[in-house]
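Colleague: Please take a close look at the salt bridges of this model and explain, for a first-year student, where their partners sit in the chain. Please then place them in the wider setting of the fold.

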Amino acid sequence: QVQLVESGGGLVQAGGSLRLSCAASGGTFSNYAMGWFRQAPGPGREREFVATISRSGGSTYYADSVKGRFTISRDNAKNTVYLQMNSLKPEDTAVYSCSARTSAARSKYYVFTYEYDYWGQGTQVTVSS
């Protein structure tokens, strides 16, 4: 069983920065591909892929909407994955959740929610205009 706990969310003005952290416990963190997803407020809004990072941290992949502004990284010694968010926009407002894929490797990147096995509870990010 893997537990994921996010932190670092908050209220920030447009153009500002935030750094999210996701601490993992249970299992062997370096064996898991990790991802960040977000869910914006409003009815019918689905969880949206943001970024993913490989087990070693050597490969990353981003949604087009955040490419060039967000950076995903991980520290396997600390069992933690990060999401550095710069140049934030009001449309980045959402609950951000980290996810872990513990299943066997199947592809280079994982961008769908069903490809992940464990989820954190999420942290709120609000960007004011």
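Modeller: A salt bridge is counted here when a side-chain nitrogen of Lys or Arg lies within 4 Å of a carboxyl oxygen of Asp or Glu. The model is predicted, so local features need a pLDDT of at least 70 and side-chain atom pairs count only at pLDDT 80 or more, whereas totals for chains, interfaces and linings use all residues. Residues are numbered from 1 along each chain as its sequence is written, and side-chain values use heavy atoms, with hydrogens and water left out.

The structure holds five salt bridges. One of them joins the side chains of D64 and K67, with nitrogen and oxygen 3.1 Å apart. To describe such partners, a residue is called buried under 20% relative accessible area, exposed over 50%, and partly exposed in between (1.4 Å probe, protein chains only). D64 is exposed, because its relative accessible area is 67%. K67 has a relative accessibility of 48% and therefore counts as partly exposed.

A second salt bridge brings together the side chains of R38 and D92, at 2.9 Å from N to O. This pair connects distant parts of the chain: R38 belongs to strand 4 (residues 33-39), D92 to the loop between strand 8 (80-85) and strand 9, and 54 residues separate them in sequence. Strands (E, at least two residues) and helices (H or I, at least four) are DSSP runs, numbered from the N terminus. R38 is buried, because its relative accessible area is 6%. D92 has a relative accessibility of 1%, so D92 counts as buried too.

D92 also forms a salt bridge with R69, where the closest N and O atoms are 2.7 Å apart. Here again distant parts of the chain are linked: R69 sits in the loop between strand 6 (60-62) and strand 7 (70-75), D92 in the loop between strand 8 and strand 9, and the two are 23 residues apart. R69 and D92 are both buried. Taken as a group, R38, E48, R69 and D92 are linked in a network of salt bridges.

Strand 7, which follows the loop that holds R69, also contains D75. D75 is partly exposed, because its relative accessible area is 23%. Leaving aside residues up to four places away in sequence, D75 touches F29, T80 and Y82; such a contact means heavy atoms within 4.5 Å. The C-alpha atoms of D75 and S56 are 9.2 Å apart, and these two residues are separated by 19 places along the chain.

The loop that holds D92 runs to strand 9, and strand 9 (residues 94-101) contains C98. C98 and C22 form a disulfide, with their sulfur atoms 1.9 Å apart. A disulfide is a covalent bond between the sulfur atoms of two cysteines; the rule applied here asks for a pair of cysteine sulfur atoms within 2.5 Å. By this rule there is one disulfide. The torsion about the S-S bond of C22 and C98 is about 45°, so the disulfide is right-handed. C22 lies in strand 3 (residues 18-25) and C98 in strand 9, so the pair ties together parts that are 76 residues apart in sequence. C22 is buried, because its relative accessible area is 0%, and C98 is buried with a value of 0% as well.

S97 is another residue of strand 9. S97 is buried, because its relative accessible area is 4%. Among the residues that S97 touches, not counting those up to four places away in sequence, are E6, G35, W36, F37, R47 and W119.

Finally, these details belong to a wider fold. The secondary structure of the chain comes to zero helices and 11 strands. Among contacts in the chain between residues at least 6 apart in sequence, 59% join residues at least 24 apart. Of the 129 residues of the chain, 43% count as buried. Along its principal axes, the C-alpha trace of the chain spans about 40 × 30 × 25 Å.
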